[in-house]
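Colleague: I should like to go through this structure with you and ask how each description is justified. Please set each value against the rule that gives it its name.

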Amino acid sequence: GGGGGGGDTSALILNRAAGYPVGRCAHVVSRVGSEFGNNALFLGGDRSLGALEMLHAVGGCAGAEEVLPGLWRGGMNAAREMVRGGERGAGEFKFLVGYQRWAKGTLEEEV
């Protein structure tokens, strides 16, 4: 998880598939490119469904930040170029819309 304002906790739910590919969601494919149109789209949470995250394990992806050892976030332009150039497969990148947020203390209650 990450920090939010006022002691809130924000996180991405990683395993909730949207049930359709990136290419079927116009506002997502317009931001990520047709190279990723066949990738599954995931729902990172119920908040801010306009928010888009890309996660991957591609360490040499320019513009990406390592959020955990071996797990990178961002670097969309470099990822697109890597896929176009054949260096990486589109399936190596995971796309999530939205995120989850818990008010201070509520995540602990749920766990």
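Colleague: What makes the approach of the histidine 56 side chain to the backbone oxygen of glycine 74 a polar contact?

Modeller: In this predicted model, the side chain of histidine 56 comes to 2.8 Å from that backbone oxygen of glycine 74. The cut-off for a pair of N or O atoms is 3.5 Å, so the pair qualifies as a polar contact. The side chain of histidine 56 also reaches the backbone nitrogen of valine 58, at 3.1 Å.

Colleague: Why is histidine 56 called buried?

Modeller: Its relative accessible area is 4%, and buried means under 20%, so histidine 56 is buried. Histidine 56 belongs to strand β5, which covers residues 47–56. Leaving aside residues up to four places away in sequence, histidine 56 touches several others, including Cys61, Trp72, Arg73, Gly74 and Phe93.

Colleague: How do you know that strands β6 and β7 pair?

Modeller: Strand β6 (residues 64–68) and strand β7 (residues 71–74) share four bridges in the antiparallel sense. At least two bridges are required, so the two strands count as paired. Within this pairing, glutamate 66 has tryptophan 72 in β7 as its bridge partner. The hairpin of β6 and β7 has two residues between the strands, and glycine 70 there takes a positive phi near 85 degrees.

Colleague: What makes the meeting of arginine 73 and glutamate 53 a salt bridge?

Modeller: The closest N and O atoms of arginine 73 and glutamate 53 are 2.9 Å apart. The limit between a side-chain nitrogen of Lys or Arg and a carboxyl oxygen of Asp or Glu is 4 Å, so this pair is a salt bridge. The pair links distant parts of the chain, with arginine 73 in strand β7 and glutamate 53 in strand β5, 20 residues apart. Arginine 73 has a relative accessible area of 35%, which lies between the limits of 20% and 50%, and therefore it is partly exposed.

Colleague: How many salt bridges are found in the whole structure?

Modeller: The search finds five salt bridges. One of them joins the side chains of glutamate 35 and arginine 84, at 2.5 Å from N to O. This pair also links distant parts of the chain: glutamate 35 lies in the loop between α1 (26–32) and β4 (40–43), and arginine 84 lies in helix α2, 49 residues apart. Glutamate 35 has 21% relative accessibility; buried would need a value under 20%, so glutamate 35 counts as partly exposed.

Colleague: What else does arginine 84 meet in a salt bridge?

Modeller: The side chain of arginine 84 meets that of glutamate 81, at 2.6 Å from N to O. Arginine 84 and glutamate 81 are three residues apart in helix α2, so about one helical turn separates them. Glutamate 81, at 46% relative accessibility, is partly exposed because exposed would require over 50%. Glu35, Glu81 and Arg84 are thus linked in a network of salt bridges.

Colleague: Which residues of α2 are buried?

Modeller: In α2, the buried residues are Met76, Ala78, Ala79, Arg80, Met82 and Val83. Just after α2, glycine 86 takes a positive phi of about 80 degrees.

Colleague: Why is glycine 91 called exposed?

Modeller: Glycine 91 has a relative accessible area of 72%, and exposed means over 50%, so the term applies. Glycine 91 lies in the loop between α2 and β8 (93–102). The C-alpha atoms of glycine 91 and alanine 40 are separated by 8.6 Å, although these residues are 51 residues apart along the chain.

Colleague: Are cysteine 25 and cysteine 61 buried or exposed, and how many disulfides are found?

Modeller: Cysteine 25 has a relative accessible area of 12% and is therefore buried, the limit being 20%. Cysteine 61 is buried as well, because its relative accessibility is 3%. A search of the whole structure finds zero disulfides.

Colleague: Where in the chain is confidence lowest, and where is it highest?

Modeller: Confidence is lowest in strand β1 (residues 2–3), with a mean of 48, and highest in helix α2 (residues 76–84), at 95. Where pLDDT is low, the predicted coordinates should not be read in detail. For the chain, the mean pLDDT is 85, and 88% of the residues reach 70 or more.

Definitions and conventions: Residues are numbered from 1 along each chain as its sequence is written. Side-chain values use heavy atoms; hydrogens and water are left out. pLDDT is the predictor's confidence in each residue, from 0 to 100. Buried means under 20% relative accessible area, exposed over 50%, partly exposed in between (1.4 Å probe, protein chains only). A polar contact is a pair of N or O atoms within 3.5 Å; within protein, one must be able to donate a hydrogen and the other to accept it, and residues adjacent in sequence count only if both atoms are side-chain atoms. Contact means heavy atoms within 4.5 Å. A disulfide is a pair of cysteine sulfur atoms within 2.5 Å.
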